Amino acid sequence: ESADDANNDGIPDSDADLSDNDEIDSFDATNEAIEITVTNILPAGGVTGTLSGTTSSSDYSSDSHDYTLSYSEVGIISLTASITNNGFLNSGEDAATTITNVGRFTPDHFVVSLNAVNLQDSLAACNITYQGQSVTLDNDLSFTFSALDANGDPVLNYADSFNKFSTTGFSPTLTRTIASSGSGFDPSVTWQSPVISDQNNYDGDWVVTMTPSAITYNKTNTTPVTSDLPFSAELNANLSISQITDSDGICVDSGSGCEAFVSTDISGATIIYGVAFLKNTFQSELRDAQVPVSLKIWATQNSQSDFYTIATDSCTTIDLTDFEFLSCNENSGTWCNATYQSNLSAPHTWSNLTSGNGNVTIDAPGNNNTGKLTLRLNLPSYLQFNYYGAGVTSPSATIDFGINNNSGSLIYMEDEYK
């Protein structure tokens with residue numbers, strides 16, 4: 001139209017809108033080909049992807065042609081249609097039009113992988129973890145995500161504000177690999193806040209890192225059962241569909257729709273149900289009393305489940321100051337004084353544990369100083385037990401100093417330890 005060529009030079013003005021001009025009759029007869037090209041607009045740091053499909057055609061038999069194309073990248077683009085053969089009718093003049101702000105294009109799907117991670121025992125040097133202790137990981141959990149197109153190729157522009165992945169609600173669960181009868185159960189896990197990184201590298205990948213505050217196999221049974229027998233911890237790391245789907249609804253998909261993520265082979269810890277025991281003892285008031293201390297675990301030997309001494313625990317430490325006198329009842333003498341009771345130190349002694357056993361030696365009160373002492377060993381909850389049916393406590397024992405008067409035929413008796 002003449003309004004589009006103010007200087008009448010046969011070339012449309014630079015700001016002319018030709019969309020309301022008449023179509024060229026019999027354009028198909030010119031055999032001119034029109035090609036569609038693409039340019040990335042956003043993200044600003046992104047790359048221009050490729051158009052798939054037939055991008056050039058001279059078939060305008062109906063005075064128009066529909067181009068069915070797909071775009072390989074993420075973002076917003078412009079499309080330019082131009083005559084490719086030296087301008088229209090070899091005029092050398094460009095004949096092209098551009099439409100801008102096409103899209104936003106999104107990925108087709110994600111894939112995710114997890115780095116190699118192993119559990120580490122709380123008592124690492126002894127390769128054991130008592131129920132109630134926390135295990136650790138030798139590495140943080142690092143989930144690597146990749147954004148892909150429909151052909152499985154990376155989309156590099158899924159970055160900056162065009163990365164729509166959020167870590168809100170991102171919290172993997174850890175469940176045991178073999179969910180069958182027998183020993184073993186799931187741990188409780190608390191996580192620090194997820195950390196997302198590498199999402200602005202324009203390579204289509206990003207990483208979500210999870211650091212556990214605690215991974216604990218809680219000691220919940222006051223009376224041990226089959227599931228409390230020693231077991232090797234083997235875990236899955238699980239992410240639900242909603243945790244790995246972005247705000248556009250793009251998700252992890254291997255071909256059959258959105259799916260959760262499950263990674264296996266997180267292992268390396270041995271979980272045991274442990275208890276400490278003290279044994280009651282009696283002794284002449286003239287002799288030091290030795291109170292046996294033992295660490296035991298719930299285990300099966302010769303098809304019999306019971307508490308057995310754990311000879312492999314050389315890692316648990318007990319100090320003399322962990323022992324405490326709870327009470328002292330004198331039958332004769334005035335030996336239960338503050339000096340004797342208040343501080344478990346010399347002359348009382350502790351042997352340290354050897355193969356799960358030890359002895360605390362309580363100083364003899366002396367001639368005619370008889371009576372009973374109650375001694376408690378203050379331990380963490382993972383070595384406590386419901387000893388007397390009245391609740392979980394630290395272990396205690398009674399030391400009876402004096403002569404046994406219950407039998408006229410008994411001259412002398414004492415506990416003996418080798």
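Below are a few friendly exercises with worked solutions on a predicted model.

**Exercise 1. Aromatic pairs around Phe145**

Task: Work out how the rings of Phe145 and Phe165 are arranged, and where the two residues lie in the chain.

Solution:
- Step 1. Start with the whole structure, where the count comes to 24 aromatic pairs.
- Step 2. Turn to one of them: the ring centres of Phe145 and Phe165 are 4.8 Å apart, and the planes stand at 45 degrees.
- Step 3. Planes under 30 degrees apart count as stacked and those over 60 as edge-to-face, with the rest called tilted. At 45 degrees, the pair of Phe145 and Phe165 is therefore tilted.
- Step 4. Now place the two residues. Phe145 belongs to strand S11 (residues 141–148), while Phe165 is in the loop between S11 and strand S12 (173–176). They are 20 residues apart, and the pair links distant parts of the chain.
- Step 5. As for surroundings, Phe145 and Phe165 are both buried.

**Exercise 2. Another partner for Phe145**

Task: Decide whether the pair of Phe145 and Phe170 is stacked, tilted or edge-to-face.

Solution:
- Step 1. Take the distance and the angle: the centres of Phe145 and Phe170 are 6.4 Å from each other, with 70 degrees between the planes.
- Step 2. An angle over 60 degrees counts as edge-to-face, and that is the label for Phe145 and Phe170.
- Step 3. Phe145 is in strand S11 and Phe170 in the loop between S11 and S12, so their pair ties together parts 25 residues apart in sequence.
- Step 4. Phe170 is buried, as is Phe145.
- Step 5. Widen the view: Phe145, Phe165 and Phe170 belong to one aromatic cluster, together with Phe110, Phe143, Tyr158, Trp206 and Phe261.

**Exercise 3. Charges over rings**

Task: Find which ring has the charged end of Lys219 over it, and which has Lys296 over its face.

Solution:
- Step 1. Follow Lys219: its charged end sits over the ring of Tyr273, 4.7 Å from the ring's centre.
- Step 2. Then follow Lys296, which lies over the face of Phe277 at 5.5 Å from the ring centre.

**Exercise 4. The disulfides**

Task: Find how many disulfides the structure holds, and give the handedness of each.

Solution:
- Step 1. The structure holds 2 disulfides. A disulfide is a covalent bond between the sulfur atoms of two cysteines.
- Step 2. One of them is formed by Cys126 and Cys315, with sulfur atoms 2.0 Å apart. The angle about its S-S bond is 100 degrees, and the link is right-handed.
- Step 3. Cys126 is in the loop between strand S8 (119–120) and strand S9 (129–130), and Cys315 is in the loop between strand S22 (304–309) and strand S23 (323–332). The two cysteines are 189 residues apart.
- Step 4. Cys126 has 11% relative accessibility and so counts as buried. Cys315, at 22%, is partly exposed.
- Step 5. The other disulfide joins Cys251 to Cys258, with an S to S distance of 1.9 Å. Its torsion is about -85 degrees, so this disulfide is left-handed.
- Step 6. Cys251 is buried at 5% relative accessible area, whereas Cys258 is partly exposed at 41%.

**Exercise 5. The setting of Thr129**

Task: Describe where Thr129 lies, whether it is buried or exposed, and what it touches.

Solution:
- Step 1. Thr129 has its place in strand S9.
- Step 2. Its relative accessible area is 0%, so Thr129 is buried.
- Step 3. The side chains of Thr129 and Asp121 are joined by a polar contact of 2.7 Å.
- Step 4. Leaving out residues up to four places away in sequence, Thr129 touches Asp121, Ser122, Val135, Thr270, Ile271 and Ile272.

**Exercise 6. Unusual backbone spots**

Task: Say which residues a cis peptide bond joins, and what phi Asp160 and Asn368 have.

Solution:
- Step 1. Recall the background: most residues other than glycine have a negative phi, and most peptide bonds are trans.
- Step 2. The bond between Leu42 and Pro43 is cis, with omega about 5 degrees. Pro43 is in the loop between strand S1 (34–42) and strand S2 (51–52).
- Step 3. Asp160 has a positive phi, near 50 degrees. This residue is in the loop between S11 and S12 and is partly exposed at 36% relative accessible area.
- Step 4. Asn368 also has a positive phi, near 65 degrees. Asn368 is in the loop between strand S25 (357–362) and S26, and counts as partly exposed at 49% relative accessibility.

Note on methods
Residues are numbered from 1 along each chain as its sequence is written. This is a predicted model: local features need pLDDT of at least 70, side-chain atom pairs count only at pLDDT 80 or more; totals for chains, interfaces and linings use all residues. Side-chain values use heavy atoms; hydrogens and water are left out. Rings of Phe, Tyr and Trp (its six-membered ring) pair if their centres lie within 6.5 Å; planes under 30 degrees apart count as stacked, over 60 as edge-to-face and the rest as tilted. Helices (H or I, at least four residues) and strands (E, at least two) are DSSP runs, numbered from the N terminus. Buried means under 20% relative accessible area, exposed over 50%, partly exposed in between (1.4 Å probe, protein chains only). A charge sits over a ring if NZ of Lys or CZ of Arg is within 6 Å of the ring centre and within 35 degrees of the ring normal. A disulfide is a pair of cysteine sulfur atoms within 2.5 Å. A polar contact is a pair of N or O atoms within 3.5 Å; within protein, one must be able to donate a hydrogen and the other to accept it, and residues adjacent in sequence count only if both atoms are side-chain atoms. Contact means heavy atoms within 4.5 Å.
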